Amino acid sequence: MTDRISIIAPDDWHVHLRDGEMLTQVVPHTAHRFQRAIVMPNLRPPVTSVAAAQAYRERIRLACPADLEFTPLMTAYLTDTIDPSELERGFREGVFAAAKLYPANATTNSAAGVTDLLQIDPVLETMARIGMPLLIHGEVTDAEIDIFDREAVFIERHLAPLRERHPELKVVFEHITTEQAVQYVSSVDRHLAATITPHHLHINRNAMFAGGLRSDFYCLPVAKRECHRQALRRAATSADPRFFLGTDTAPHERASKESSCGCAGIFNAPFALESYAQVFDEEGALAHLEAFTSLNGPEFYNLPVNSGRVILERRDHLVPELVNGLVPFHAGEILSWAVADASDQVQL
Ligand code: NCD
Ligand code: ZN
């Protein structure tokens, strides 16, 4: 049995680092485990300009412990009216690594998102021309579509037509949750990849209703049936380069989670790497962990692979009920993989 593995230092291709006090609390957790991270732009107000992204990147750097080597990769938030030349300038200047598409009102802080994809075709044309990746929250927002079907419907109504209109555009289908998404991504040979979160590999939709209403397991896209979780597990652990790590860690204050209209999002940054390792171990695929955590993402984004390494070892450890006053994913559970260097535990 493998009890210890060494992997190239991983990156997180989808994080919400928030702002203000929350930013200070959560950045160390991501910076501690991941060398780079794609930072989501859904602040209030959203990050829609080069100047806003530069200022946010500076706040992230200030919040990052000085002894950690961590590079935040910034994204632009697409709106109906965003100027393609602003995106192009940001990309060429190395400020924007990508742009994020939120269908308007699909999720947290997405009210300013895109209402009609056809309207932003000039933006997508520019992105395709300069090689700037489009990161997509792939859910339709129509209230009459069942919430568990919104991702699958998005593929046929929006994603497939969008990719037909812009075959050269690089697209990441973010935090996929369904068998249909796995099949769609697997059927495309170039310019399309997908991130997969730790929570969608661990829980199915029953987790939200186990013995009562458990808002800590509520996120968007919402967890689906068990067959979908199994499809995600097969995809993540397959070493297929089209699938890579993106935690979608999305912290919310407890009061905002535990309310009559609670926020969507799971705070998984503190133990995300351990959480993925456990899945790969359970699937007998530890040999493929490094491809998912550290190789496939850089390849898609055309970035060098990190030079550092991380050692993971089989060691039971209890996940605390709270981290910085926030409920972490796996709270109160025992995880069986840990990062080897005990000195690198984040102060809880
Ligand atoms: C995210 C958030 O809170 O910003 N929430 C979530 O459930 N994943 C937004 C998002 O990625 O959908
Ligand atoms: Zn997200």
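1. Pro221 sits in the loop that runs between α7 (198–202) and α8 (226–236), and in this predicted model the peptide bond leading into this proline from Leu220 is cis, with omega near -10 degrees.

2. A cis peptide bond is also found between Arg44 and Pro45, where omega is about 0 degrees; the proline of this pair, Pro45, belongs to the loop between β3 (36–39) and α2 (50–63).

3. Asn302, in the loop between α11 (289–301) and β10, has a phi near 60 degrees, which is a positive value in a residue other than glycine. With a relative accessibility of 64%, Asn302 counts as exposed, because the cut-off for that class is over 50%.

4. His330 is not a glycine either, yet its phi is positive, at about 75 degrees, and this histidine is placed in the loop between β10 and β11 (334–339). The relative accessible area of His330 is 3%, and the residue is therefore classed as buried, the limit being under 20%.

5. Turning to the pockets, the largest pocket has a volume of about 320 Å³, and its lining is made up of 16 residues, with Ala31, His32, Leu68, Arg309 and Val310 lying nearest the centre. The elements that contribute two or more residues to this lining are α1 (20–33) and β10 (309–318).

6. Sorted by class, the residues lining the largest pocket comprise eight that are nonpolar, three that are polar and five that are charged.

Notes:
Residues numbered from 1 in each chain as written. Chains lettered and ligands numbered in written order. Predicted model: local features only at pLDDT ≥ 70, side-chain atom pairs only at ≥ 80, totals over all residues. Heavy atoms only, no water. 1 Å grid on protein atoms, 1.4 Å probe; cavity = no way out; pocket = protein on both sides within 12 Å on 5 of 7 lines; lining within 4 Å. Points joined across faces, edges and corners; volume = space filled by probe spheres on them. Helix = DSSP H or I, 4+ residues; strand = E, 2+ residues; numbered from the N terminus. Nonpolar A, V, L, I, M, F, W, Y, C, P; charged D, E, K, R; others polar. Buried < 20%, exposed > 50% of the residue type's maximum accessible area, 1.4 Å probe, protein only.
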